[in-house]
Amino acid sequence: GGGVVAYSEAQVDASKTSVQVNEKDCKKKRVVVLGTGWAGISFLKDLDVSAYDVQVVSPRNYFAFTPLLPSVTCGTVEARSIVEPVRNIIKKRNGEIQFWEAECMKIDAANKKLLCRYTVENNLVGNDEFSLEYDYLVIAVGAQVNTFNTPGVLENCHFLKEVEDAQKIRRSVIDCFEKAVLPGLSEEERRINLHFVIVGGGPTGVEFAAELHDFVQEDLVNLYPSVKDLVKITVIQSGDHILNMFDERISGFAEQKFRRDGIEVQTGSRVISVSDKEITMKLKAKGEICSVPHGLVVWSTGVETRPFVKDFMGQIGQANRRVLATDEWLRVKGCEDVYALGDCATINQRKVMEDIAAIFKAADKDNSGFLTVEEFKDVIDDILERYPQVEHYLKSKHLRDVTDLMKDSEGNDIDEVDIEGFKLALCQADSQVKNLPATAQVAAQQGAYLSKCFNRKYKWKDNPEGPRRFRGSGRHQFHPFQYVLLVVSYARGEQAAAELPGDWVSMGRSTQWLWYSQTSELAYSGVGGIRLDSKIHFRKRFKPHLRQQQRTL
């Protein structure tokens with residue numbers, strides 16, 4: 001149950017209040033990266049550090065393989081197997097990367113300066129605060145747990161965002177069983193102690209519920225046989241279905257599997273308060289308020305922006321937004337030379353209808369006021385790249401090509417279309433604009449994309465490679481970021497479900513190995529150096545006793 005320890009191979013003079021740069025790096029542009037999660041580490045992994053003065057600031061001096069956090073809670077995987085010290089990662093790069101274990105307290109956008117603080121409580125001498133100047137800033141700090149200001153959540157719930165959270169849950173689950181088997185307790189008291197409640201039916205909550213069920217059925221019933229029939233697991237979801245951000249086939253599969261396993265799923269229920277003994281919720285369908293006793297509550301309902309990012313948003317005119325907004329190239333809107341990746345930001349996709357007149361004018365080469373099919377084809381690739389919602393719209397309508405949109409009011413093909421007909425053809429496309437999910441896949445892909453842009457920033461300045469600028473002349477310098485869906489979720493253990501590219505869904509026992517292959521690919525190629533123990537990974541079929549020994553110890 002110890003904490004995660006990362007050994008540093010270099011020491012920093014704590015008495016210095018500002019960071020000094022070597023003279024040889026003075027001519028380089030300084031890139032400061034905030035955060036060592038999926039986005040930040042993926043960015044550093046592929047960045048040409050010889051071209052920049054790269055400095056990293058994060059209160060966490062290790063990288064954590066977060067998709068396996070639910071497995072850590074039950075001992076399927078040990079915590080040490082999913083973490084890697086940041087200094088071990090950055091020392092493998094050709095070039096110097098400086099890392100500061102500190103927390104960014106404020107971003108001074110006007111002066112391009114950061115205020116940072118060493119936040120570990122100890123009796124070491126020296127000033128804990130220092131400032132950093134930057135030429136380019138990459139914000140990849142993730143997000144914090146969103147409690148929605150629900151009374152009692154911070155005091156009485158467990159969270160699952162960090163490795164320390166997973167280890168704390170692991171200890172608490174064992175504590176619940178140890179308390180339940182003590183003599184002198186009534187059966188009702190034992191049932192309450194063994195009632196595990198998960199608030200939130202997203203990927204984290206569902207996977208934890210599945211892991212906990214496996215833990216109980218495969219291990220704990222053998223260690224605590226006297227209370228094996230008193231365990232209850234409940235998932236509370238405010239929406240109508242769990243995993244509602246994915247394909248409805250995956251949602252239905254997970255709900256059916258939970259029912260067969262005896263996991264209770266309460267949808268349409270909103271938690272209004274949590275005490276140390278009860279969780280109170282409101283049932284939307286009936287409008288009733290009920291309270292349920294619990295032994296342990298895990299809160300997994302979503303995330304919100306960190307305080308210093310909110311302060312930064314106020315400086316750049318985004319105070320009314322919930323999440324930091326970027327353009328399709330991950331540049332923060334309203335602030336030059338600042339980029340944001342991962343859970344801390346969202347891409348504000350430009351609407352095709354905002355540029356519809358400019359698109360028509362660019363395509364109408366002969367200025368006839370009509371757009372022919374051939375003229376439309378000349379700009380199709382640029383439209384699909386600049387406005388990906390158009391392609392999503394075509395798929396939703398089962399259309400093979402954008403030119404299939406050129407039809408009259410009766411659905412007949414036409415040879416040319418005027419501006420009004422062009423607007424009519426694309427007016428529904430913007431309904432397909434969707435925010436990207438807050439997952440490790442998205443963050444890792446964004447980090448890799450941005451590093452490629454930085455590596456080619458000056459090479460492609462005079463030779464842009466991006467789509468056509470419909471408002472203005474020339475082309476965009478880079479291709480916009482495009483998320484490639486891989487494997488998005490699994491329901492539990494040997495019965496998994498996954499959403500695949502091309503509107504495919506895979507379910508059943510074989511999908512478990514598909515999910516394992518995806519996590520292994522992310523672990524080894526995504527950041528490099530993460531140690532995953534395959535014997536622990538596949539313990540359900542080959543080594544079931546390994547997990548029991550690890551968990552009890």
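Colleague: Is helix α1 largely enclosed or largely open, going by how many of its residues are buried?
Modeller: This is a predicted model. Buried here means under 20% relative accessible area. The buried residues of α1 are W38, A39, G40, I41, S42, F43 and L44. That makes seven of the nine residues of α1, so the helix is largely enclosed by the rest of the structure.

Colleague: At what angle do α1 and α14 pack?
Modeller: Two packed helices are described by the angle between their axes and the distance between the axes. Helix α1 covers residues 38-46 and helix α14 covers residues 440-455. Their axes lie 7 Å apart, and the angle is about 35°.

Colleague: Which hand does the crossing of α1 and α14 have, left or right?
Modeller: From α1, the contact is made by W38, A39, S42, F43 and D46. From α14, the residues include A440, A443, A444, G447 and A448. By class, the contact has nine nonpolar, four polar and one charged residues. The crossing is right-handed.

Colleague: How far does helix α5 reach from its first C-alpha to its last?
Modeller: Helix α5 spans residues 163-180, which is 18 residues. Its buried residues include V163, Q167, R170, C176 and A180. At 1.5 Å a residue, the expected reach is 26 Å. The model comes close to that, at 26 Å.

Colleague: Which residue forms a salt bridge with E129?
Modeller: E129 is in strand β8, residues 129-133. Its partner sits 12 residues apart, in strand β7, residues 113-117. E129 is partly exposed at 30% relative accessibility, and the partner is partly exposed at 32%. The closest N and O atoms are 2.8 Å apart, and the partner is R117.

Colleague: What separates E187 and R191 along helix α6?
Modeller: Their side chains meet in a salt bridge, 3.0 Å from N to O. E187 is partly exposed at 48% relative accessibility, and R191 is partly exposed at 35%. The two are four residues apart in helix α6, so the separation is about one helical turn.

Colleague: How many residues apart in sequence are the parts tied together by K232 and E264?
Modeller: K232 and E264 form a salt bridge, with the closest N and O atoms 3.0 Å apart. K232 is partly exposed at 36%, as is E264 at 27%. K232 lies in strand β12 and E264 in strand β13, so the pair ties together parts whose separation in sequence is 32 residues.

Colleague: Which residues do shared salt-bridge partners join into one network?
Modeller: The count comes to 22 salt bridges. Those that share partners join R350, E354, D355 and R471.

Methods
Residues numbered from 1 in each chain as written. Predicted model: local features only at pLDDT ≥ 70, side-chain atom pairs only at ≥ 80, totals over all residues. Heavy atoms only, no water. Axes fitted to C-alpha atoms, helices over the stretch in contact; angles between N-to-C directions. Left-handed = near helix turned anticlockwise from the far one by under 90°. Contact = heavy atoms within 4.5 Å. Nonpolar A, V, L, I, M, F, W, Y, C, P; charged D, E, K, R; others polar. Buried < 20%, exposed > 50% of the residue type's maximum accessible area, 1.4 Å probe, protein only. Expected span 1.5 Å × (residues − 1). Salt bridge = Lys/Arg side-chain N within 4 Å of Asp/Glu carboxyl O.
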